[in-house]
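Student: I would like a close look at one part of this chain, namely how its helices pack against one another and what the neighbouring loops do. Could you take me through that in a single connected account?

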Amino acid sequence: MAPPAPIRWFAVAASALMLCLLISPSVAIYCDEDDCYDLLGVTQSANSSEIKKAYYKLSLKHHPDKNPDPESKKLFVKIANAYEILKDEASREQYDYAIAHPEEYFYNTARYYQAYYGHKTDPRAVLVGFLLVLSAFQYFNQWTRYNQAIDMVKKTPAYKNRLRQLELERRGGTTTKKKSNKQTNKKMDEDLSKELELQIKGAEQPSMWDLICVRFVLLPYTIGKLLLWHGCWFWRYKVKQAPYTWDDASYLTQRSLSAPLDAWRNVDESRKEDLINRRLWEGSNLESYYAEMRKESKRRR
């Protein structure tokens, strides 16, 4: 059974109203209630040259400097806005899509605001800014960690004894505890503390060369240097079968033992020489070395 005529007409009118509310704003966000093509007097198939000629012709007629009529001024603003939309291929494509698909209101609106109000910063500038901010944070963090570590070291008895030893050496083996010399002693402590080389593992003094932005700039040079090093290594030791130099043998030994570079540098020279002479970069020698270490560990238990 069909609904009464008044109800049918009301349903149709409501549907039409909802359709207008959804469809109209999809295009209206560009040229309000007007059609951009109609404002310039061209068809939708007009090329960029025709659009440009139409705009210049209308601007001569309605420009405020040519026509003082207030209504003509309002019309010129609309014409200029329509030309800004249609002269750009990207914005014109978006406008044509909105005309062809008015039901996609939210999608068309999002594209419009993204194109006209979104950030248009050069990605290269964003990358440079990001690297600079990250490097500044890295530098500040390293300085903070370094200062905290130095403050902790200065509170240790070993540091105080070393500072007292330097003071005695400077004063010729004599010390003074007079209150009048308290300020002088404090300044001397500061001067002496600067003479002590405090390089703490994990909290080294920051260097500009370690910053991310500097490393990024030098990345091509670093890659080229690494490739050259590998090429020379392959030619010298794989092709020519030359014997390893002391530095290269030291590097192979450190890598075979998986020892950190700082720890390897602190190894006694005689111990380091013994390890290098064992040729631990060869698998059988490394296994024998580990077997000896395990036996020694069991014997000590």
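Tutor: What follows starts with the chain as a whole, then turns to two pairs of helices and to a few single residues around them.

This is a predicted model, and the chain holds 15 helices and 0 strands. Of its 301 residues, 25% count as buried, while the exposed surface comes to about 22,600 Å², of which carbon and sulfur atoms supply 59%. Among contacts between residues at least 6 apart in sequence, 57% join residues at least 24 apart.

Two packed helices are described by the angle between their axes and the distance between the axes. For helix α4, residues 70–87, and helix α5, residues 89–100, the angle is about 100° and the axes lie 5 Å apart. Angles of 65 to 115 degrees count as roughly perpendicular, and α4 and α5 are therefore roughly perpendicular to each other. On the α4 side the contact is made by Glu84, Ile85, Leu86 and Lys87, and on the α5 side by Glu89, Ser91, Arg92 and Tyr95. Sorted by class, the residues of this contact comprise 3 nonpolar, 1 polar and 4 charged.

Helix α4 can also be checked for its length: at 1.5 Å a residue, its 18 residues should span 26 Å, and the end C-alpha atoms are indeed 26 Å apart, which agrees. The buried residues of α4 are Ser72, Phe76, Ile79, Ala82, Tyr83, Ile85 and Leu86; of these, Ile85 and Leu86 also take part in the contact with α5.

Within α5 itself, Gln94 deserves a separate word, as a residue of that helix whose relative accessible area is 12%, so that Gln94 is buried. Leaving aside residues up to four places away in sequence, Gln94 touches Tyr30, Arg111, Tyr112 and Ala115.

The second pair consists of helix α11, residues 219–239, and helix α12, residues 246–256, whose axes come within 13 Å and cross at roughly 105°. By the angle between them, α11 and α12 are therefore roughly perpendicular to each other. Here Trp229, Trp233, Arg236 and Tyr237 of α11 meet Asp248, Tyr251 and Leu252 of α12, and the contact has 5 nonpolar, no polar and 2 charged residues.

The loops on either side of α12 bring in the question of backbone angles. Most residues other than glycine have a negative phi. In the loop between α11 and α12 sits Gln241, whose phi is near 55°, a positive value in a residue other than glycine. Gln241 is exposed, its relative accessible area being 58%. Ser258, in the loop between α12 and α13 (261–265), likewise has a positive phi of about 55° although it is not a glycine. With a relative accessibility of 64%, Ser258 counts as exposed.

Finally, Asn277 belongs to helix α14, residues 269–277, and is exposed, with a relative accessible area of 53%. Asn277 and Thr253 are separated by 24 residues in sequence, and their C-alpha atoms are 9.4 Å apart in space.

Methods. Residues numbered from 1 in each chain as written. Predicted model: local features only at pLDDT ≥ 70, side-chain atom pairs only at ≥ 80, totals over all residues. Heavy atoms only, no water. Axes fitted to C-alpha atoms, helices over the stretch in contact; angles between N-to-C directions. Helix = DSSP H or I, 4+ residues; strand = E, 2+ residues; numbered from the N terminus. Parallel < 35°, antiparallel > 145°, perpendicular 65-115°, else oblique. Contact = heavy atoms within 4.5 Å. Nonpolar A, V, L, I, M, F, W, Y, C, P; charged D, E, K, R; others polar. Expected span 1.5 Å × (residues − 1). Buried < 20%, exposed > 50% of the residue type's maximum accessible area, 1.4 Å probe, protein only. Areas by Shrake-Rupley, 256 points an atom, 1.4 Å probe, with all protein chains shown as cover.
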